[in-house]
Amino acid sequence: MTPGLAPELTTGTGPRRRFVLSSVPSDAHMWNLVVLQLFIEEMGHEVINLGVCVPVDLLVDRCRAEQPDCVVISTVNGHGYIDGVGVIDALRADPACADLLVVIGGALGVVGDRNTGLAGDLLDHGYDAVFPVAAGQTGEAMGRFREFVAERMRLPV
Amino acid sequence: MTGPVRHPPFGRFVAAGHQAGRLLVQPRMGFAGVRVMRDGLLAVRASGVPAIGTVTLDSYTRVGQFDEAARAVARGLDLNGFPIVTHGADRTARMLHGVVADDFPVQVRHGSAQPERIFRTMLAAGLTATEGGPVSYCLPYSRIPLRTATASWTRATRLLAEHPDECHLESFGGCMLGQLCPPSLLIAISVLECLFFVEHGMRSVSASYAQQTHPQQDAEALGALRRLCAEHLSGVDWHVVLYTYMGLFPRTPEGAKRLLRESARLAVRTGTERMIVKTVAEAHRIPTIEENVQALRIAHEAAASEPAGTSESEMDTGIHEQASALVGEVLGCAPTVARALPLAFEKGLLDVPYCLHPDNDNRTRSVVGPDGRLEWWNTGRMPLPAAVRVHREPLSHRRLLDDLDYQRRRFDQPVPA
């Protein structure tokens, strides 16, 4: 067991939460979404996977309807810093989605980790957390995401 | 003023190359600007190896966002390909003037689920060879309904078929998600898309297959594909095209080159006519012109040193039987291929493992087996022989990550001395 995590969230037997998992409008990559769905399901939660190239309107509609415990935006085509802003602005502008827990992660920029300074910009726009993934470090980023989820969801809802 | 450049028929060029015992190699090359695109094509033509030129389009054009592509061009921003609709037929024809020749055909590669405007523009610019398909460019890369893509591809294919010059259309069905799709399903989709093209009047097609994780399995698959093409495509011109591995690519230059060489040898050994290469930059960024030319030369040298083979492979693990069963079941479910394809996905007769598109059943699963071959883990509702194993337990994300990374690990390891 990872130290510091609530036991029910590391064994997959704790409270089952609902996640909406989505790409951004311009990103057709699919494997990141497939792996993340399995990862979140193994944490014991339910995943509504919206798939690739998700239009912002569709994402907002589904989030409004599902009221998920967490929205996960995953993108690897290098436009995440641009497209990610449009996504969070739209979510925060909708009263029904303004308070949702929303995170973004993946290969967010076109030049790898040199872009990490831009993560602050995404936080300023309203993401609760940003998980940039450098080449070959998928596992580390997923570990950080897992810890974030455990910590946030241990809080009384 | 330059008009459209007349193209030698693509299929005839490929057949002549094959008869002369040459593997034709082709890059996946596309640049935003007219000048650099032209320079790239000229460099491929001057590479000194038997090659075909490629104009790969950008992702805005792929999804029909022509305004976005135009904005990027106006600002001089870099795109990941040539925005052919934005540049238009005249500029594209001028870009190609003096490039296309009797010994140098050029193919357009685009990735679009609704390619009509792309096809109209390329035909007006004098380009007559392209690729894709109603399934292979819909399920993996878009979220439009399969029936919408099929209707669009019906109209688009007719544009090519009714053009006065002979056009060529290649199915991208041999790639589906780039990796982890077992060979029998790749073959079935590729053959079915070729049949769809022929149904709408095409007289020259190619069936594709992407290199997977095991050379013997790939050889058996290419033999099965050739056999099914011979059975189903009599009366039209056809050939087979191999794609160098389309999944996560080795990060080291040496690993990338070894994987590329392995694909070239596979092509020659199986009598494959044409191959589309990958470069050493694949895992990192969009390759330069020089990296593309280098990849063509490496592939050509590896091919030239491999003795030509026949399509007979030494081992039969049932790939042809599985693919044949899938093709037969799908053709039997409707009077036309255009109606059969969406229906087959609706019924789960075809089901691409892990594919999240809403019209895919997504019950099938696949793994890299203990010997490195791709195996079915769960065949969902597909009509495959009962001998194919079905596992009930779900796969872990760790296993999936390992399988996705299999080729990269294998080829990035230093070769033992």
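Two strands are taken to pair if DSSP finds at least two bridges between them, and helices (H or I, at least four residues) and strands (E, at least two) are DSSP runs, numbered from the N terminus. On that footing, strand 1 (residues 18-22) and strand 3 of chain A pair in the parallel sense over four bridges. The model is predicted: local features need pLDDT of at least 70, side-chain atom pairs count only at pLDDT 80 or more, and totals for chains, interfaces and linings use all residues. Residues are numbered from 1 along each chain as its sequence is written, while chains are lettered from A and ligands numbered from 1 in the order in which they are written.

Chain A is a good place to start. Six helices and five strands make up its secondary structure, and along the sequence they follow the pattern α-β-α-β-α-β-α-β-α-β-α. Of its 157 residues, 41% count as buried; a residue is buried if 20 or more other C-beta atoms lie within 10 Å of its own, exposed if 12 or fewer, and partly exposed in between, with C-beta atoms placed from the backbone. Contacts are assigned when the C-beta atoms of two residues, placed from the backbone, lie within 7 Å. Among the contacts in chain A with a separation of 6 or more, residues 24 or more positions apart account for 74%.

Strand 3 (residues 70-75) of chain A rewards a closer look, as six of its six residues are buried. In a regular strand the side chains alternate between the two faces of the sheet. Here both faces are covered, with A:Cys70, A:Val72 and A:Ser74 buried on one side and A:Val71, A:Ile73 and A:Thr75 buried on the other. Within the pairing with strand 1, A:Leu21 has A:Val72 as its bridge partner in strand 3 of chain A. Strand 3 of chain A also runs parallel to strand 4 (residues 102-106) of chain A, to which five bridges join it. In that pair, A:Ser74 is partnered by A:Gly105 of strand 4 of chain A. From strand 3 to strand 4 of chain A the chain passes through helix 4 (residues 80-93), a right-handed β-α-β crossover; the term applies if, with the strands pointing away from the viewer, the path from the first strand over the helix to the second runs clockwise.

In chain B, an open sheet of eight strands has the order 1-8-7-6-5-4-3-2, with parallel pairing. Its edge strands, each paired on one side only, are strand 1 (24-26) and strand 2 (53-56) of chain B. The twist from one strand to the next averages 25°, where axes are lines fitted to C-alpha atoms, for helices over the stretch in contact, and angles run from 0 to 180 degrees between N-to-C directions. Inside this chain, strand 5 (residues 168-171) and strand 6 (residues 204-210) of chain B are parallel partners over two bridges, and B:Glu170 stands opposite B:Ser206 of strand 6 of chain B.

The largest nonpolar core (a set of buried Ala, Val, Leu, Ile, Met, Phe, Trp, Tyr and Cys residues joined through C-beta atoms within 7 Å) has 173 residues, and those with the most contacts inside it include B:Ile187, B:Leu192 and B:Met275. Helix 8 (residues 183-199) of chain B supplies the largest share of this core, 12 residues. Leaving aside neighbours within four places in sequence, B:Leu192 is in contact with B:Val327, B:Val330, B:Val337 and B:Leu341.

Two loop residues have an unusual backbone setting, given that most residues other than glycine have a negative phi. A:Cys53, not a glycine, has a positive phi of about 45° and sits in the loop between strand 2 (46-49) and helix 3 (56-66) of chain A. A:Cys53 is buried because 21 other C-beta atoms lie within 10 Å. For B:Leu180, phi is near 70°, and the residue belongs to the loop between strand 5 and helix 8 of chain B. B:Leu180 is likewise buried, with 24 other C-beta atoms within 10 Å.

Finally, the two chains meet in a contact that takes 14 residues from chain A and 15 residues from chain B. Helix 2 (residues 31-42) of chain A gives the most to the chain A side, with seven residues. By class, that side has 10 nonpolar, three polar and one charged residues; Ala, Val, Leu, Ile, Met, Phe, Trp, Tyr, Cys and Pro count as nonpolar, Asp, Glu, Lys and Arg as charged, and the others, Gly among them, as polar.
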